[in-house]
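I open this notebook to record what I looked up in the structure shown below. The entries run from the charges to the overall fold and then to single residues.

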Amino acid sequence: MKKENIPNALTVGRILVIPVFILLLTMWNTKAIHILAAVIFAVASITDYLDGYLARKWKVVSNFGKFADPMADKILVMTAFIMLVELKMAPAWVVAVIVCRELAVTGLRLLLVETGGTVLAAAMPGKIKTFSQMFAIIFLLCHFTLIGQILLYIALFFTLYSGYDYFKGASFLFKDTFK
């Protein structure tokens with residue numbers, strides 16, 4: 001495989017592992033399977049960092065990667081949170097807030113692109129959000145409930161804060177909305 005295809009292959013691999021993750025958690029509800037799912041999720045999460053890093057390092061950023069990488073990340077994380085609700089490891093209201101924020105910020109990014117606005121890069125609160133979400137999922141699946149719950153509520157805080165931060169940065173799009 002040519003090196004310019006490796007970042008996109010990692011992204012596609014992350015998308016393809018999602019049904020396996022779902023199947024494991026749906027078919028076998030045991031601690032060992034939860035830990036296996038946590039390992040799969042952790043490896044997939046690492047590819048989220050790795051594909052972007054390699055694409056930038058090798059200067060092989062592609063339109064496919066710009067679209068598929070953040071989409072794969074969001075689908076992976078939202079799927080994991082929904083499965084945690086199913087397993088009664090996370091409160092549905094927390095997951096609903098996280099999913100709604102992800103959809104709202106994705107819509108905001110699309111609106112910015114459509115209006116020729118600046119693309120919002122991930123700021124530090126968004127990076128902390130992603131980090132805490134991923135670790136909350138891993139710890140909860142590994143049955144480290146207290147640490148997982150603490151990380152989940154940290155993730156909730158940074159989910160809300162980073163969402164606010166993104167919308168504040170793009171408030172110019174809505175300046176005439178309520179006149």
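Entry 1, charges. I looked up the 17 positive and 10 negative charges of the protein and found their mean positions 5 Å apart. Lys and Arg count as positive and Asp and Glu as negative, while His and the chain ends are not counted. The place of a charge is NZ of Lys, CZ of Arg, CG of Asp or CD of Glu.

Entry 2, basis. I note that this is a predicted model, in which local features need pLDDT of at least 70, side-chain atom pairs count only at pLDDT 80 or more, and totals for chains, interfaces and linings use all residues. Residues are numbered from 1 along each chain as its sequence is written, and side-chain values use heavy atoms, with hydrogens and water left out.

Entry 3, fold. I found six helices and zero strands in the protein. Helices (H or I, at least four residues) and strands (E, at least two) are DSSP runs, numbered from the N terminus.

Entry 4, dimensions. I checked the radius of gyration, taken over C-alpha atoms against a globule rule of 2.2 Å times the number of residues to the power 0.38. For 179 residues a compact globule would have a value near 16 Å, and the 17 Å of the protein agrees. The C-alpha atoms fill a box of roughly 55 × 45 × 25 Å along the principal axes.

Entry 5, helix H3. I compared the span of H3 (residues 63-86) with expectation, which is 1.5 Å times one less than the number of residues. Its 24 residues should span 34 Å, and the end C-alpha atoms, 35 Å apart, agree with this.

Entry 6, two loop residues. Most residues other than glycine have a negative phi. I therefore looked up exceptions to this general pattern. Lys88 follows H3 and lies in the loop between H3 and helix H4 (92-114); its phi is positive, near 60°. Lys88 counts as exposed at 74% relative accessibility, where buried means under 20% relative accessible area, exposed over 50%, and partly exposed in between (1.4 Å probe, protein chains only). His143, in the loop between helix H5 (124-141) and helix H6 (145-169), has a positive phi near 65°. His143 is partly exposed, at 31%.

Entry 7, Ile40. Is Ile40 buried or exposed? I found Ile40 buried, with a relative accessible area of 19%. Ile40 belongs to helix H2 (residues 31-57). Leaving aside neighbours within four places in sequence, Ile40 is in contact (heavy atoms within 4.5 Å) with Val17, Val20 and Leu24.
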